[in-house]
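Thanks for coming. I have one structure today, and I will go through its packing and then one polar residue.

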Amino acid sequence: MRRLIPVAVIAVLGLVGANARQQAPAQLPRPPAEPMRIEKVKENLYFIRGPWNTAANDALLHEPGDVAIRVTPDGLIVVDDKFPQHTQDILDKIKTISTLPIKYLLNTHHHADHAGGDANFINLTEIIAHRNVRENMIRNKQAGAPRIVFDNQMSVYLGGVEVTAMHLGRGHTNGDSVIYFADLRTIHAGDLVIDGMPFIDYDNGGSAVEWVKTLDNILKIDFDTLIPGHGRLLTKDDVREQRGQLEKMNAKMTALVKSGAPKEKATAELKAYLKDIGWENTVSTQTFLGRSLNPYYDEIAAAARK
């Protein structure tokens, strides 16, 4: 004989089930991974994005550094080269726009998601970077350190085209370069400007205070289009906006330090403040919180005491 369960018990079980469903943590949908692709920026200038994959701590798609390709009649000038495992895919993508040889490769900085491919490209072409890029790569035991370096500015001339690399100050690292395609009014800014909030690599000379000044120097350049370190094409207005956001973040932390807030309280308040400036959920937010936040407090505190 089937046992009957009282209606009251059924009601209670229903409430328990409903509460359990309400209390269960929501699982963020993970977007599908996407392969690497090449896109046109302007005539004879292209950039390679991807491949995209999700990270463990958010539901955003993450990608290694954007690669730029400037086509000239006498060959190609390439900027950055992602991780070493991406070299063949990059070469295959480049061949879809030109079969001319790569004559020069310029690094925006040393991080492996931008310059890891140097280990392979050093055997294919000449790599040029700021002096601190080479020093950082050697110190970090990273393969493919460039053999040609510069201090402040240098240009390569190829097929009637000039491409200039400029070190405009510290920010993401101490070796950041902006690559300027003057005839196209376009720059590749590396991780000095990305489609997300800044990550300050304090282990390799980064500085939030100096970064604002470096962005001011970038804004002095005559450009209308920007290839970022990561993400979609940006504009000069995007750089102005990011400069304002960084300045606000620095001012917020400075105010917290000067109010006497202890480090734990100040960093917690700054973390909450990221929502106010639109940086609470970008591809670099978790990296900043995990690796930059505490040394960021230390930098701002030291500057506030001066």
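This is a predicted model. Start with the largest nonpolar core, which has 39 residues; Val 193, Ile 218, Met 249, Met 253, Phe 288 and Tyr 296 are the ones that touch the most other members. Two or more residues each come from strand 12 (178-181), strand 13 (186-190), helix 6 (208-219), helix 7 (236-258), helix 8 (263-273) and helix 9 (285-304). Helix 9 gives the largest share, seven residues.

Now Phe 288. Not counting neighbours within four places in sequence, Phe 288 is in contact with Met 197, Pro 198, Phe 199, Ile 200, Met 249, Leu 270, Leu 293 and Tyr 296. There is also a second, separate core of 19 residues, and its members include Ala 68, Met 154, Val 163 and Ile 179.

On to aromatics. The structure holds one aromatic pair. Phe 288 and Tyr 296 form it, edge-to-face, at 5.7 Å centre to centre with 65 degrees between the planes. Are the two rings' residues buried or exposed? Phe 288 counts as buried because its relative accessibility is 0%, and Tyr 296 is buried, also with a relative accessible area of 0%.

Last, the polar residue. Asn 107 lies in the loop between strand 7 (102-106) and helix 3 (112-115). Asn 107 has a relative accessible area of 1%, so it is buried. Its side chain makes a polar contact with the side chain of Asp 118, at 3.2 Å. Leaving out residues up to four places away in sequence, Asn 107 touches several others, among them Asp 80, Asp 81, Ile 127, Pro 146 and Ser 177.

Note on methods
Residues numbered from 1 in each chain as written. Predicted model: local features only at pLDDT ≥ 70, side-chain atom pairs only at ≥ 80, totals over all residues. Heavy atoms only, no water. Helix = DSSP H or I, 4+ residues; strand = E, 2+ residues; numbered from the N terminus. Buried < 20%, exposed > 50% of the residue type's maximum accessible area, 1.4 Å probe, protein only. Polar contact = N/O pair within 3.5 Å; in protein donor to acceptor, adjacent residues only side chain to side chain. Contact = heavy atoms within 4.5 Å. Core = buried A, V, L, I, M, F, W, Y, C linked by side-chain atoms within 4.5 Å. Phe/Tyr/Trp six-rings, centres within 6.5 Å; stacked < 30°, edge-to-face > 60°.
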